[in-house]
Amino acid sequence: MIGVAAGPPTSTAEQARGRARANTWNFSRADETKICVVMVGLPARGKSYIAQIAQRYLAWLSIPSKTFNVGNYRRNDAPQPTADFFDTNNQEGERKRRAAAEAAVADMIAWFQAGGVVGILDATNSTKERRKWISEKCGALGIEVLFVESKCDDEETIMANIRDVKTTSPDYKGQDPEEAAQDFRNRIRHYEKVYKTIDGDGDESDYTYLKILNIGKQVIINRIQDYLQSRIVYYLMNLHIRPRSVWLSRHGESMYNLGGQIGGDALLSERGELYARKLPEMVRDSVGDDRPLTVWTSTLRRTIATARFLPPHYNQLQWKALDELDSGVCDGLTYQEIKDRYPEDFVARDEDKYNYRYPGGESYRDVVIRLEPIIMELERSEDILIVTHQAVLRCIYAYFMKNDQSKSPWMNVPLHTLIKLTPRAYGTEEVRYSANIPAVSTWRGKGSTAKHESPGTEVSH
């Protein structure tokens with residue numbers, strides 16, 4: 001057995017599971033908090049984008065959360081309406097839009113009653129009457145309401161959002177881009193006729209709200225009530241809605257990779273050196289010559305060495321938080337050695353890889369917690385290239401792609417591959433670039449032998 005426990009003897013695997021459970025965040029059991037985050041604002045102000053990434057962040061922290069997009073409900077009756085549908089004088093359109101809002105709120109309430117913690121109502125909610133109805137509906141059931149209003153009068157940002165919507169929104173799928181953009185502008189004009197900003201000095205002064213003005217240049221906070229609301233608000237204050245991408249890469253193949261060892265601070269192999277020399281070309285082809293880029297690496301030698309040939313005008317920063325998962329007493333061992341020396345731990349990690357903590361080391365859940373400042377800084381930043389390690393990259397990738405946390409530790413992230421992620425209002429786009437430089441596989445399947453394997457075609461990336 002590894003380590004010494006006070007009291008009745010328990011296995012290291014049981015100790016690790018207990019420590020992981022103690023580290024679990026469970027707001028719903030702690031204080032029965034339920035929060036409805038209500039988006040407010042005109043179209044093309046980034047509401048759906050904010051809603052999507054807020055839900056992504058909460059789910060990443062294992063807080064039960066879900067987004068209820070009223071537009072998705074409305075599309076059941078009006079799949080691709082023209083701007084006239086949103087004219088307040090269009091009684092049939094008004095009826096259908098009201099029915100969609102009622103259906104979304106009803107589903108959200110049912111979800112809260114089934115154990116949900118943070119529900120996000122994604123719609124314009126642009127009138128005082130609509131906001132009052134939501135506030136009273138939720139308040140009667142003990143559900144806290146946090147209004148999040150995105151206001152923007154920066155024409156460049158609005159036009160960028162219009163361009164994004166016309167190419168990604170289901171409302172304009174298959175339509176001519178220019179006609180879609182014109183129709184969307186007309187839709188905005190209809191909403192402008194009735195839109196009322198949250199009245200902080202009048203009859204809405206008792207609301208709990210966050211106003212985000214001009215993509216974060218100014219924020220206004222009113223009557224934030226508890227820890228979870230504060231956490232959500234702090235995260236949203238760090239967001240911007242300008243278009244950007246994030247590039248992810250593991251370090252080049254290392255000497256430990258060749259030996260099948262985990263952890264350590266190994267140097268690059270010959271093939272890893274080849275990848276380091278090719279990475280600038282791959283980045284240039286994807287990013288472009290003139291686009292500014294910031295490079296983040298861990299403090300370990302293999303990531304710093306991988307990034308050392310990138311152009312000198314790229315600002316490079318080293319983050320301790322990006323270091324590989326700490327494997328504790330198993331550092332430097334192969335999986336076969338871990339299985340031979342600590343068989344109970346080997347099995348326990350297979351059973352719950354996300355929560356299992358190496359003795360004297362970390363779990364994937366621990367990595368997520370220490371990565372939170374990285375995520376905050378990512379959301380504040382423009383284009384970033386992160387050169388990091390397998391477990392850390394899995395956690396960051398899971399954040400952007402809304403992956404199930406229990407499955408993310410089994411994701412295949414091959415060496416010598418550059419991943420481009422572009423967050424959009426309706427999801428994150430992904431492109432992968434292979435360097436075509438051979439490297440060993442460092443993936444091991446659940447319940448498999450204690451060897452690195454080829455993941456095969458059946459593994460979901």
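## Terms and a loop residue

Helices, taken as H or I runs of at least four residues, and strands, taken as E runs of at least two, are assigned by DSSP and numbered from the N terminus. With this naming, P170 can be placed in the loop between α7 and α8. The model described here is predicted.

P170 has a relative accessible area of 34% and is therefore partly exposed, since this class lies between the limits of 20% for buried and 50% for exposed residues. When neighbours within four places in sequence are set aside, P170 is in contact with R75, P79, Q80 and Y426. With Y426, the separation along the chain is 256 residues, while the C-alpha atoms of the two residues are 9.2 Å apart in space.

## Two domains and their interface

The protein chain is divided into domain 1, covering residues 34–238, and domain 2, covering residues 246–455. A distance of 35 Å separates the C-alpha centres of the two domains. Their contact involves 19 residues of domain 1 and 21 residues of domain 2.

The size of an interface is often given as the accessible area lost when the parts come together. For domain 1 and domain 2, about 2000 Å² is buried between them, and 55% of this lies on carbon and sulfur atoms. On the side of domain 1, the residues that lose the most area to domain 2 are R56, W60 and N238, which together account for 40% of what that side buries. Two salt bridges are found across the interface of domain 1 and domain 2. R56 also takes part in a salt bridge with E379, at 3.0 Å from N to O.

## Helix α3

Helix α3 comprises the 14 residues 47–60. At 1.5 Å a residue it should span 20 Å, and its end C-alpha atoms are indeed 20 Å apart, so the two values agree. Of its 14 residues, 13 are buried, which means that α3 is largely enclosed by the rest of the structure. After α3 comes S62, a residue with a positive phi near 65°.

## Helix α6

Helix α6 has twelve residues, 128–139, and reaches 16 Å from its first C-alpha to its last, close to the expected 16 Å. Which residues of α6 are buried? They are R130, R131, W133, I134 and C138. Seen down the axis of α6, these buried residues fall within an arc of 160°, so they line one face of the helix. Their packing partners are β1 (35–40), α5 (91–113), β3 (118–122) and β4 (144–151).

## E204 and its surroundings

E204 lies in the loop between α8 and β5 (208–213). Its relative accessibility is 2%, so E204 counts as buried. Leaving aside neighbours within four places in sequence, E204 is in contact with K128, R131, T197, I198, D199 and Y209. E204 and K128 are 76 residues apart in sequence, yet their C-alpha atoms are 8.2 Å apart in space.

## Salt bridges

The structure holds 24 salt bridges. One of them joins D171 and R75, whose closest N and O atoms are 2.6 Å apart. D171 lies in the loop between α7 (155–168) and α8 (177–194), and R75 in the loop between α4 (70–74) and α5, so the pair ties together parts that are 96 residues apart in sequence. Both D171 and R75 are buried. These two residues also belong to a network of salt bridges that links R74, R75, D171 and R187.

A further salt bridge is formed by the side chains of D350 and R444, at 2.8 Å from N to O. This pair links distant parts of the chain, with D350 in helix α14 (residues 343–351) and R444 in the segment after β12 (427–434), 94 residues apart. D350 counts as buried because its relative accessibility is 11%. R444 is likewise buried, with a relative accessible area of 5%.

Is the salt bridge of R432 and E430 formed by residues that are buried or partly exposed? The closest N and O atoms of this pair are 2.6 Å apart. R432 has a relative accessibility of 26% and so counts as partly exposed, and E430, at 30%, is also partly exposed.

Terms used
Residues are numbered from 1 along each chain as its sequence is written. This is a predicted model: local features need pLDDT of at least 70, side-chain atom pairs count only at pLDDT 80 or more; totals for chains, interfaces and linings use all residues. Side-chain values use heavy atoms; hydrogens and water are left out. The expected span of a helix is 1.5 Å times one less than its number of residues. Buried means under 20% relative accessible area, exposed over 50%, partly exposed in between (1.4 Å probe, protein chains only). The arc is that of the directions from the helix axis to the C-beta atoms. Contact means heavy atoms within 4.5 Å. Domain bounds come from an automatic or database domain assignment. Buried area is the accessible area (1.4 Å probe) that two parts lose on being put together, summed over both. A salt bridge is a side-chain nitrogen of Lys or Arg within 4 Å of a carboxyl oxygen of Asp or Glu.
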